[in-house]
Amino acid sequence: EKADRYDSQPIRESLIRRGITVPADLEARLARYKIFQEENLKLADNPRALFDWTAKQTYIALANMMTSAALMGIDSCPIEGFDYDQFNAILAKHQIIKPDKEGIASMVSFGYRLRDPKHPRSRKPREDVITWLD
């Protein structure tokens, strides 16, 4: 059983933690998750697609952590360039994940800079990256 499938125990427990405890309401929400995963995203029976979708969800939490850190004057950096198998093994060894059900998707580092960057930050002009639709 994968931890991110609509019919997994972790999904059920997540809903209960969010206050959906009436059995009929819980089953109705799980049924909506099933439709979402099987019909809308077509990923429930594709483990890689399910993992990729779940990994994308981690960026929501990652962005909130990084924004909160920035508001406190703490720098951060999202990280994807690492040996996934090695880190999964480390997390499994320390019983942080169950490798048959879970895996690392990304990391983030936090800290205080020792000095300002050598090069100024540069961003593309807004009109090059934003499209307004009427």
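Two residues are in contact here when heavy atoms of theirs come within 4.5 Å of each other. With that in hand, take the contacts between residues at least 6 apart in sequence: 54% of them join residues at least 24 apart. Keep in mind throughout that this is a predicted model.

**Overall build**

The chain has 5 helices and 2 strands, and going along the sequence they come in the order α-α-α-β-α-β-α. How does the radius of gyration sit against that of a compact globule of 134 residues? Such a globule would come out near 14 Å, whereas this chain has 19 Å. The C-alpha trace spans about 55 × 50 × 30 Å along its principal axes.

As for what's covered up, 21% of the 134 residues count as buried. The chain shows about 10800 Å² of accessible surface, and carbon and sulfur atoms account for 55% of that.

**Two loop residues with positive phi**

Most residues other than glycine have a negative phi. Lys42 goes the other way, with a positive phi although it isn't a glycine, and Gln95 is another non-glycine residue with a positive value. Here's how they look:

| Residue | Phi | Loop | Relative accessibility |
|---|---|---|---|
| Lys42 | about 50 degrees | between α2 (23-40) and α3 (47-71) | 62% |
| Gln95 | near 55 degrees | between α4 and β2 (107-111) | 74% |

Are these two buried or exposed? Lys42 counts as exposed because its relative accessibility, 62%, is over the 50% cut-off. Gln95, at 74%, counts as exposed for that reason too.

**Helix α4, from start to finish**

Helix α4 covers residues 84-93. What happens at its start? A side-chain oxygen of Asp83 reaches to within 3.1 Å of the backbone nitrogen of Asp85. Past the other end, α4 is followed by Gln95, the residue with the positive phi near 55 degrees. From there the loop carries on toward β2 (107-111).

**A nonpolar patch on the surface**

Which residues make up the nonpolar patch on the surface? They are Val129, Ile130 and Trp132, and together they have about 370 Å² of accessible area. Val129 belongs to helix α5, which runs over residues 126-129. Val129 is exposed, since its relative accessible area of 53% is over the 50% cut-off.

Note on methods: Residues are numbered from 1 along each chain as its sequence is written. This is a predicted model: local features need pLDDT of at least 70, side-chain atom pairs count only at pLDDT 80 or more; totals for chains, interfaces and linings use all residues. Side-chain values use heavy atoms; hydrogens and water are left out. Patches are made of residues with over 30% relative accessible area and no salt bridge: like charges are joined within 9 Å, nonpolar side chains (Val, Leu, Ile, Met, Phe, Trp, Tyr) within 5 Å. Accessible areas come from the Shrake-Rupley method with a 1.4 Å probe; for residues, only the protein chains shown count as cover. A salt bridge is a side-chain nitrogen of Lys or Arg within 4 Å of a carboxyl oxygen of Asp or Glu. Helices (H or I, at least four residues) and strands (E, at least two) are DSSP runs, numbered from the N terminus. Buried means under 20% relative accessible area, exposed over 50%, partly exposed in between (1.4 Å probe, protein chains only). A polar contact is a pair of N or O atoms within 3.5 Å; within protein, one must be able to donate a hydrogen and the other to accept it, and residues adjacent in sequence count only if both atoms are side-chain atoms. The radius of gyration is taken over C-alpha atoms; the globule rule is 2.2 Å times the number of residues to the power 0.38.
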